[in-house]
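User: I am a first-year student, and I would like to learn how the terms used for a protein model are justified. Please take me through the reasoning step by step.

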Amino acid sequence: MSTNIKTNNNKLRAISISGSIAVIIAAIMWGVDGVLLTPRLLDNTGHALNTSFVVFVLHLIPFVLMNFVFYKYYTILKQFTLKDFLCMFLVALLGGAIGTMCIVKALFLVNFQNLTIVALLQKLQPVFAIILSVIILKEKLSKQYFLWAALALAAGYVMTFGFNPPSSESSNIIQAALYALGAAFCFGSSTVFSKILLNKYSSPTITFFRYGFTTVIALIICLLSGAIMQFHIVPTKTWIIFLLIAFTTGSGAIFLYYYGLQKIKASVSSILELFFPITAALLDYFINNNTMTVVQWIAAAVMIFSIIRLSRKG
């Protein structure tokens, strides 16, 4: 009896470790993407491409390639309930389309400056994920939640603007910060709906349909906005970056993330995802020679600590 218990505990520990490693690698890949790849998705005049077009292409390429391997997954749609379709649509709309558009727009707005701030602000997503968990999953908030959430948001403000009110000179930073917060809300919400789906379906299944649904949503947005016409102004070097993201920091990272999320608690995942801003901060310093002030670093540390406490106490 005790031998069986030990064996089960060892299996659970192995699952937890493998899931944690998968999420860490995915988070590091997103950090690399945010600093080295996405900000360089430029047109043939050196200007940033339309964000909806970028999101469409970043999902179209992997989805087309996935069809060669996962085409049999379409039969799984017959098992989808109305709730499953709704959750999948919300994962694609929030985590795939709107969330990605927000973070891409934020990265374009800072023009290789303050990339660390954008990456850190985006990690406020546990604040929104926990709120949505209360609404959707009927989870209860601890009394300490509001304290840590308020502290995390306050620290995020100080990290972005210091102790001064935003000025007109920092309009791009203000916009970038708002987009980063929008991404945090979308990704946090998407995590909750993804967790619901992962209780029924495998991580490859969710990844495949997330990319499929997001591709359709982004295509509709591109058609309505006219951004679909940008195909002819994309230079060869940008297409290479698109392909690189598609195979690595895009679909590759999402596969790893969903694999890990299926094996560990969402609260643990939220903490491990902090490897994203840590990676972004290091790369931003060593490659772009950008760094933050002492006050900003202290605020960032307070924000990260608050997020960790949130994930444990939410």
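Analyst: Certainly. This is a predicted model, and a search of the whole structure finds 19 aromatic pairs. One of them joins Phe-80 and Phe-209.

User: Why is the pair of Phe-80 and Phe-209 called edge-to-face?

Analyst: Two rings pair if their centres lie within 6.5 Å, and planes over 60 degrees apart count as edge-to-face. For Phe-80 and Phe-209 the centres are 5.6 Å apart and the angle between the planes is 65°. Both conditions are met, so the pair is called edge-to-face.

User: What parts of the chain does this pair tie together?

Analyst: Phe-80 belongs to the loop between H2 and H3, whereas Phe-209 belongs to helix H8 (residues 203–225). The pair therefore ties together parts that are 129 residues apart in sequence. Phe-80 and Phe-209 are both buried. They also belong to one aromatic cluster, whose members include Phe-63, Tyr-74, Tyr-201 and Phe-255.

User: What makes Tyr-285 and Phe-286 an edge-to-face pair?

Analyst: The ring centres of Tyr-285 and Phe-286 are 5.1 Å apart, and their planes stand at 75°, so this pair is edge-to-face.

User: How do you know whether Tyr-285 and Phe-286 are buried, partly exposed or exposed?

Analyst: Buried means under 20% relative accessible area, exposed means over 50%, and partly exposed lies in between. Tyr-285 has 42% relative accessibility, so it counts as partly exposed. Phe-286 has a relative accessible area of 65%, so it counts as exposed.

User: Why is the contact of Lys-200 with Asp-84 called a salt bridge?

Analyst: The term requires a side-chain nitrogen of Lys or Arg within 4 Å of a carboxyl oxygen of Asp or Glu. The distance from N to O for Lys-200 and Asp-84 is 2.8 Å, so the pair qualifies as a salt bridge. By this rule the count comes to 1 salt bridge.

User: Where do the two partners lie, and is Asp-84 buried or exposed?

Analyst: Lys-200 is in the loop between helix H7 (171–198) and H8, and Asp-84 is in helix H3, so the pair ties together parts that are 116 residues apart in sequence. Asp-84 has 3% relative accessibility and therefore counts as buried. Setting aside neighbours within four places in sequence, Asp-84 is in contact with Gln-79, Leu-197, Lys-200 and Tyr-201.

User: How do you know that Cys-102 is in no disulfide?

Analyst: A disulfide needs two cysteine sulfur atoms within 2.5 Å. The nearest cysteine sulfur to that of Cys-102 belongs to Cys-186 and is 5.1 Å away, so the condition is not met. A search of the whole structure finds 0 disulfides. Cys-102 is buried, because its relative accessibility is 12%, and Cys-222 is buried at 0%.

User: What makes the span of helix H2 agree with expectation?

Analyst: Helix H2 (residues 51–70) has 20 residues, and at 1.5 Å a residue it should span 28 Å. The expected span is 1.5 Å times one less than the number of residues. The end C-alpha atoms of H2 are 28 Å apart, which agrees.

User: Why is H2 called largely enclosed?

Analyst: Of its 20 residues, 14 are buried, so H2 is largely enclosed by the rest of the structure.

User: Which residues touch the most other members of the largest nonpolar core?

Analyst: This core has 67 residues, and those touching the most other members are Leu-41, Val-54, Val-118, Leu-124, Met-159, Phe-242 and Met-303. Helix H3 (residues 82–110) contributes the largest share of this core, 11 residues. Another core, of 33 residues, lies apart from it and includes Ile-76, Phe-80, Ile-206 and Leu-261.

User: Why does Met-159 count as buried, and what does it touch?

Analyst: Met-159, found in helix H6 (residues 145–161), has 0% relative accessibility and so counts as buried. Not counting residues up to four places away in sequence, Met-159 touches Ile-117, Leu-120, Leu-121, Met-292, Gln-296, Ala-299, Ala-300 and Met-303. The C-alpha atoms of Met-159 and Thr-293 are separated by 8.9 Å, although these residues are 134 residues apart along the chain.

User: How many helices and strands are there in the chain?

Analyst: The chain has 12 helices and 0 strands, and 51% of its 314 residues count as buried.

Conventions. Residues numbered from 1 in each chain as written. Predicted model: local features only at pLDDT ≥ 70, side-chain atom pairs only at ≥ 80, totals over all residues. Heavy atoms only, no water. Helix = DSSP H or I, 4+ residues; strand = E, 2+ residues; numbered from the N terminus. Buried < 20%, exposed > 50% of the residue type's maximum accessible area, 1.4 Å probe, protein only. Core = buried A, V, L, I, M, F, W, Y, C linked by side-chain atoms within 4.5 Å. Phe/Tyr/Trp six-rings, centres within 6.5 Å; stacked < 30°, edge-to-face > 60°. Contact = heavy atoms within 4.5 Å.
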